[in-house]
Structure formats: structure tokens, C-alpha cells
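Hi,

Here is the model I said I would pass on to you. Have a look at it first, and then read on for my notes.

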Amino acid sequence: MDFIQSIDWMGILKCFVVGGIICVIGQILIDKTKLTPARILVIYVTTGAILGGLGIYKYLIDFAGAGATVPLLGFGANLAKGAMQEVQKAGLLGAFTGGVKASAGGIAAAVFFGYLASLIAKPKIKKQ
Amino acid sequence: MKPIETKQEYSNYVDQKSPNSPIWKNCLNAFWVGGLICTIGQFIMNFCKYQGLDETASSTVVSIVLIAISAILTGLNIFNKIGKFAGAGSLIPITGFANSIVSPAIEYKSEGYVMGVGGKMFTVAGPVLVFGISSSVIIGILAILFGAGA
């Protein structure tokens, strides 16, 4: 089992702690403010994009790996990173293509699996 | 009971009546469930890199796998139970984004497969994409103006 031996357990711990803390911040927002979950998701994506645009978020990704990329902050940071990289290749056009290009996998998967899962699921019927 | 006249009074009344959620317990649950979801992501990422994929591709595979899992769990009505327990722990990771697409889609299934499922999928995910993508366009334009590199 070379794969098991190749795992960096310190990295896993950092990932767990950072991912957990990012979620706790969201939980505090839910409990202490009247923000709806939808607004919190929007705040996370936008904040992630800004932190990514300022070049700060990549340090967190280097430190925590999936602990930083899996939360929605990482989705926002990825959008920003894609736009900034594509701008260097394609100029102004890149500002419009880069973000979505970098997140295309996630967006397409969400649409596809989302629709598929909705088809197989039965709507809940409330029992009286 | 005296009648409620101002917004402030109403807000006080709601605070009084709504159950106090034990914030420490919520935070603890959010912490370990959120951390665990990220850790599952990290294992998938390590496995992809072990198979020879680069950083960007691995990260995309992680998103796709987590989204697929949470879409299916939402369809089977398991995700909602996790969500009730973990709060932000399952909302903030990309799993919450997938859940936000599937939940309304199932709910509005009776309105049809095109406008019901296809349309309502984006009640929450729509704003997320609008703000996320718009920010990325603005950041791209700013990057040109200020000549910042990625």
C-alpha cells in the first residue's frame, strides 16, 4: 500500500483544522446574525474571490490544501485565480473566460449531478 | 400582551420566542463535520496526485466527486439529516453548494422537469454563481489595469 504510506498526516491535520475553522465562522454567522444560508454562501464566494484576487488565499491553500479549497471560499478564490491567469494569456477576453474556465468542472458537475439526483429523488410528502 | 408596533419590538419578541440555539455545540459540530468533509477532499486529492494528476486537475476532481456524493445524498434525503446536525459544517464546503441545487429542484418537481426542476435548481446556486463569476470578471479587469500577476 504505497498510497497509504505516501500520505502526509501533518497535512491532513492542517486540512481538518483549517476546514473546520472556516465552517465555524459560517456557523457563528448563522447563529449570531439573521443572514440566510443563501446569503452566507454568496458572502463566502465573494470573499474568496477578493482574497484570491489580492493573492492572499493561495498561502492558505499552500498551508491547508483541501481544507482551503473545499469550502466555498476556495471556489471563489479559484474563480479569481482563473480570471487573473487567463488575463495574462488573452488580455481583456481572459477576464470573461478565465474564471468560469477554471471552475468549469465544478459548475458542470453541480448542474449535471444536481439534475440527475433530482430525477431519482421522490419529493417529500409530509405525513399527517 | 401589549401590541407590537415597532420593528424593534417585533425583533425583541422574535428573539424571546425563538429557541436559543446552543452556539458552542453548533460550532463544535460544524467544526468536526466541516473538517471531516475537507479531509475526505484531501484524501481524494492525495490519491489523484498519487495517480499522477497535477494540482489543478486534482482539485477539480475533488470538487466533482464531493458534488456528486452530496447530490446523491440529498436525493436520498440523507444530506438534510447531516445538515441539521452540522449546520455550517456541511453548508460551507462545496457539498452545501451541491445541496442548495438539489433541494429546491426536488421540492419543485411537481411543477415539471423543465421549469420546475430545471428552473428552481438555481434559487440559491444562481446568486452564488452571479456574485462569484461577476467578482472574477471584475478581478480580471482590475488585474489588467494594475498589471498584477496571478
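Among contacts in chain A between residues at least 6 apart in sequence, what percentage join residues at least 24 apart? The figure is 59%. For chain B, 54% of the contacts with a separation of 6 or more are between residues 24 or more positions apart. Please keep in mind that this is a predicted model.

On confidence, the model has an ipTM of 0.90 and a pTM of 0.86. The average pLDDT of chain B is 88, and 93% of its residues score at least 70.

**The two chains**

Chain A is built with seven helices and zero strands, so to speak in the pattern α-α-α-α-α-α-α along the sequence. Chain B has eight helices, again with zero strands, and its elements run α-α-α-α-α-α-α-α from the N terminus on.Neither chain matches the radius of gyration of a compact globule: chain A has 18 Å, where a globule of 128 residues would be near 14 Å, and chain B has 20 Å, where a globule of 150 residues would be near 15 Å. Along the principal axes, the C-alpha atoms of chain A fill a box of roughly 60 × 40 × 40 Å. The C-alpha trace of chain B spans about 70 × 45 × 40 Å. As for burial, 49% of the 128 residues in chain A are buried, and 45% of the 150 residues of chain B count as buried.

**Where the chains meet**

The contact between the chains draws on 66 residues from chain A and 69 residues from chain B. On the chain A side, at least two residues come from each of α1 (2–6), α2 (9–32), α3 (37–53), α5 (66–69), α6 (72–90) and α7 (92–120). Which of them gives the most? That is α7(A), with 17 residues. By type, the chain A side of the contact holds 41 nonpolar residues, 23 polar ones and two charged ones.

**The core**

The largest nonpolar core has 71 residues, and A:Leu41, A:Leu72 and B:Ala98 are those with the most contacts inside it. In soluble globular proteins, nonpolar side chains do tend to be buried together.

A:Leu72 is a good residue to click on. Leaving aside residues up to four places away in sequence, A:Leu72 touches A:Leu41, A:Tyr44, A:Val45 and A:Gly48 in chain A, along with B:Ile92, B:Ile94 and B:Phe97 in chain B.

**A few places to visit**

In chain A, try A:Val18, which sits in helix α2. Is A:Val18 buried or exposed? A:Val18 is buried, because 23 other C-beta atoms lie within 10 Å. Apart from residues up to four places away in sequence, A:Val18 touches A:Leu60, A:Phe63, A:Ala64, A:Gly67 and A:Ala68. A:Gly99 is 81 residues away from A:Val18 along the chain, and their C-alpha atoms are separated by 24 Å.

In chain B, helix α2 (residues 23–50) makes a neat length check. At 1.5 Å a residue, its 28 residues should span 40 Å, and the end C-alpha atoms are indeed 40 Å apart, so the two agree. After α2(B) comes B:Gly52, which has a positive phi near 95 degrees.

B:Asn77 also has a positive phi, of about 65 degrees, although it is not a glycine. You will find B:Asn77 in the loop between α3 (55–75) and α4 (79–86) of chain B. B:Asn77 counts as exposed because it has 12 C-beta neighbours inside 10 Å.

Finally, B:Gly126 belongs to helix α8 (residues 122–146) of chain B. With 15 other C-beta atoms within 10 Å, B:Gly126 is partly exposed. Its C-alpha atom is separated by 9.7 Å from that of B:Ser100, 26 residues apart along the chain.

Enjoy looking around!

Best wishes

Notes
Residues are numbered from 1 along each chain as its sequence is written. Chains are lettered from A and ligands numbered from 1 in the order in which they are written. This is a predicted model: local features need pLDDT of at least 70, side-chain atom pairs count only at pLDDT 80 or more; totals for chains, interfaces and linings use all residues. A nonpolar core is a set of buried Ala, Val, Leu, Ile, Met, Phe, Trp, Tyr and Cys residues joined through C-beta atoms within 7 Å. A residue is buried if 20 or more other C-beta atoms lie within 10 Å of its own, exposed if 12 or fewer, and partly exposed in between; C-beta atoms are placed from the backbone. Two residues are in contact if their C-beta atoms, placed from the backbone, lie within 7 Å. Helices (H or I, at least four residues) and strands (E, at least two) are DSSP runs, numbered from the N terminus. Ala, Val, Leu, Ile, Met, Phe, Trp, Tyr, Cys and Pro count as nonpolar, Asp, Glu, Lys and Arg as charged, and the others, Gly among them, as polar. The expected span of a helix is 1.5 Å times one less than its number of residues. pLDDT is the predictor's confidence in each residue, from 0 to 100. The radius of gyration is taken over C-alpha atoms; the globule rule is 2.2 Å times the number of residues to the power 0.38.
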